[in-house]
Amino acid sequence: MTEKKFCITTPIYYVNDVPHIGHAYTTIAADVVARFKRLEGYQVFFLTGTDEHGQKVQEAAQKLNVTPQQHVDKLHQRFKELWVKFDISNSDFIRTTEERHKTLVCSILQTLFDKDEIYRDSYEGWYCTPCERFWTEKDLQDGNCPECRRKVEKIKEHNYFFRMGKYQDWLLEKIKSDPHFILPVSRRNEVLGFLENPLEDLCISRPKSRLPWGIPLPFDEDYVTYVWFDALINYISIHGSLDDIRASGYWPADHNMVGKDILTTHAVYWSTMLKAIGLEPPKNIFAHGWWTVNGQKMSKSLHNVVEPNQLADQFGVDVIRYFLLREVPFGSDGDFSHKALIGRLNSDLANNLGNLLNRTVNMIKKYFDGTLPEPATTGEEDNALQNTAREVIDEVRKLYDELAFNKILQKIWELVDTTNQYIDKTGPWNLAKTDEGKERLKTVMYNAAESLRVLGVLLFPFMPKSCASLMLQLGVDKTIEEQGMKSLENWGNLTSGTKTQKAKQLFPRIEDKQAVKILAELETKNDDKKDESGQITIEDFMKVDLRTGKILEAEKVKKSKKLIQLKVDIGTETRQILAGIAESYEPESLIGRTVIIVANLKPAKLMGIESQGMVLAANNDGTILLAGFDDEPGQGIQVR
């Protein structure tokens, strides 16, 4: 019999990020699939890891006065430790600074260079330091990086290029002919839209003189590998050489899970790289959405980054695992709130599933001294419960193919609800009053316990520790992994005569007063963070685009004592800006003057007139003084 193999990967996480809820979301989702496939009898390879090269790592290490290697050796542990805490069952953890990874990267680079898939050329383009990526003029949005929206700088240098453009037609055909290749459909359409324009060749090197921290090119030691070309190879470098990869049975990966922000690099860069080296792309690239927090984008500057460690300590690991995959469809954006989390914990887990387990185990204790009875007669309610269980099991299997986690959990909860209703309809407390009823009670209690066993297997990928505890309370000795999905093929796998354990609350309910206290404490903590120092990071400051500009025209705004309407030449265009300086300056004295403006401020209307920026000035006891220079600079010069 051929061994069934399955491979799933998360993106590797950049070490300069503190692990946040988005990292946990992707990794938990991949873990759920990996655990389910093991229950289905597959040999599973589940990979995660850290991306440790690039300019941001080098700069951070320099600030700390340590080597980049010392820096990443410390930082990658944060991810490793978090995955242990969240019961992530990864098969391997790859670091891009490991020798096994660097060896394959160099091998692939040399192979592609020998095949003339890589060539050297001069290059002039717009470079985004935070993204470590070149952009063409047409890519820019309002002169900024189209991904991070920060400023770019023009760089001209010699570099090496991968002939990515030659694979455009192949990639288009691949995406169009395989509807499962990129999901969800909205992301697939985004990639097709991207490929409507000519696909440029990919710059895959950086001069060592500018960036020494990276994998040196095997054919030119004066250059290191572009961080994305290096990082993407992680998905296969854990398997050894290209021949080892082909023989492993784990490639192409069944699912390559990524966030929507890095879809292009995976769907376009990675797919064409694989084609060039003679390997198939992943069977599926799934780009999930982002988490906002109370309707706002997660941001260090807003002090609203949700830290998984703190969540797990406060609410429990399995509660967080459940909430993240139940709350929103995988692939859509989701909004995180502690209030919604507490609501899910109380309604779904404590009141519903937890209560079902407690009442079942307690009634077996009360009516049968804790010993699981042997079922007797079977009635209509019993058949209905078994039919629901079979239907749920079948549907769950199908929904895993779609990575529809929230639908899977909704479906499983149909069995939770049906089992609770089954107990209410049959009324064990009434059956226990007569001898005839006691015979019927044996079947009812056995079926309730068996339904809980089925639920334990189905929910195990989502909540492994809680489901293991559930099995122990039912008196089941076999681990859930040993039982597997095969144990659900027939109803009645629980052994009669088994001793159940004393019921324990899997999910303690958070009462209203406690919930109010938790939410108030969280709000206070967030306020404290915001008020800690008022300091911003250099990244925050660099988001503000300060430019020099020459005032061409100036006139007072009618019906306003303070506003002057300016026309300011900033080199690339003329901006209309309203400035509250009329009480300190006459319009005619401003013409020809060089000022500093905030060039990337969102336009706003004042007195019905649009202002397209802000002029920098100081207020000296009511007198406005425009910011300026000792020597006259040109227009459009960036101010730092």
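Q: What does it mean that both Phe45 and Tyr250 are called buried?
A: Happy to start there! Buried means under 20% relative accessible area, exposed means over 50%, and partly exposed lies in between, with a 1.4 Å probe and protein chains only. Both Phe45 and Tyr250 are in the buried class, so the relative accessible area of each is under 20%. The model is predicted, so local features need pLDDT of at least 70 and side-chain atom pairs count only at pLDDT 80 or more, while totals for chains, interfaces and linings use all residues. Residues are numbered from 1 along each chain as its sequence is written, and side-chain values use heavy atoms, with hydrogens and water left out.

Q: What makes two rings an aromatic pair, and how many are found in the whole structure?
A: Rings of Phe, Tyr and Trp (its six-membered ring) pair if their centres lie within 6.5 Å; planes under 30 degrees apart are stacked, over 60 edge-to-face, and the rest tilted. A search of the whole structure gives 24 such pairs.

Q: Why is the pair of Phe6 and Tyr42 called edge-to-face?
A: The ring centres are 6.2 Å apart and the planes stand at 70°, so both values meet the criteria for an edge-to-face pair. Phe6 is in strand S1 (residues 5-9) and Tyr42 in the loop between helix H1 (21-39) and strand S3 (43-51), so the pair ties together parts 36 residues apart in sequence.

Q: How do you know whether Phe6 and Tyr42 are buried or partly exposed?
A: Phe6 has 4% relative accessibility and is therefore buried. Tyr42 has a relative accessible area of 25%, so the label is partly exposed.

Q: What makes the pair of Phe45 and Tyr250 tilted?
A: The distance is 5.6 Å centre to centre, with 45° between the planes; that angle fits neither stacked nor edge-to-face, so tilted is the term. This pair links distant parts of the chain, with Phe45 in strand S3 and Tyr250 in the loop between helix H9 (242-248) and strand S13 (255-259), 205 residues apart.

Q: Why is Lys5 said to sit over the ring of Tyr250?
A: A charge sits over a ring if NZ of Lys or CZ of Arg is within 6 Å of the ring centre and within 35 degrees of the ring normal. The charged end of Lys5 is 4.8 Å from the centre of the Tyr250 ring, so the distance criterion is met. Lys260 also lies over a ring face, that of Trp290, at 4.7 Å from the ring centre.

Q: How do you know that Leu403 is buried?
A: Leu403 has 1% relative accessibility, so it counts as buried. Leu403 is in the loop between helix H14 (380-401) and helix H15 (405-426), and its phi is near 55°, a positive value in a residue other than glycine.

Q: Why do strands S6 and S9 count as edges of their sheet?
A: Helices (H or I, at least four residues) and strands (E, at least two) are DSSP runs, numbered from the N terminus, and two strands pair if DSSP finds at least two bridges between them. The open sheet has four strands in the order S6-S5-S7-S9, with antiparallel pairing. S6 (133-135) and S9 (202-203) each have a single partner strand, so one side of each lacks a neighbour in the sheet.

Q: What makes S7 and S9 partners?
A: S7 (residues 153-162) and S9 are joined in the antiparallel sense over two bridges, so they satisfy the pairing rule. Phe161 stands opposite Cys203 in S9.
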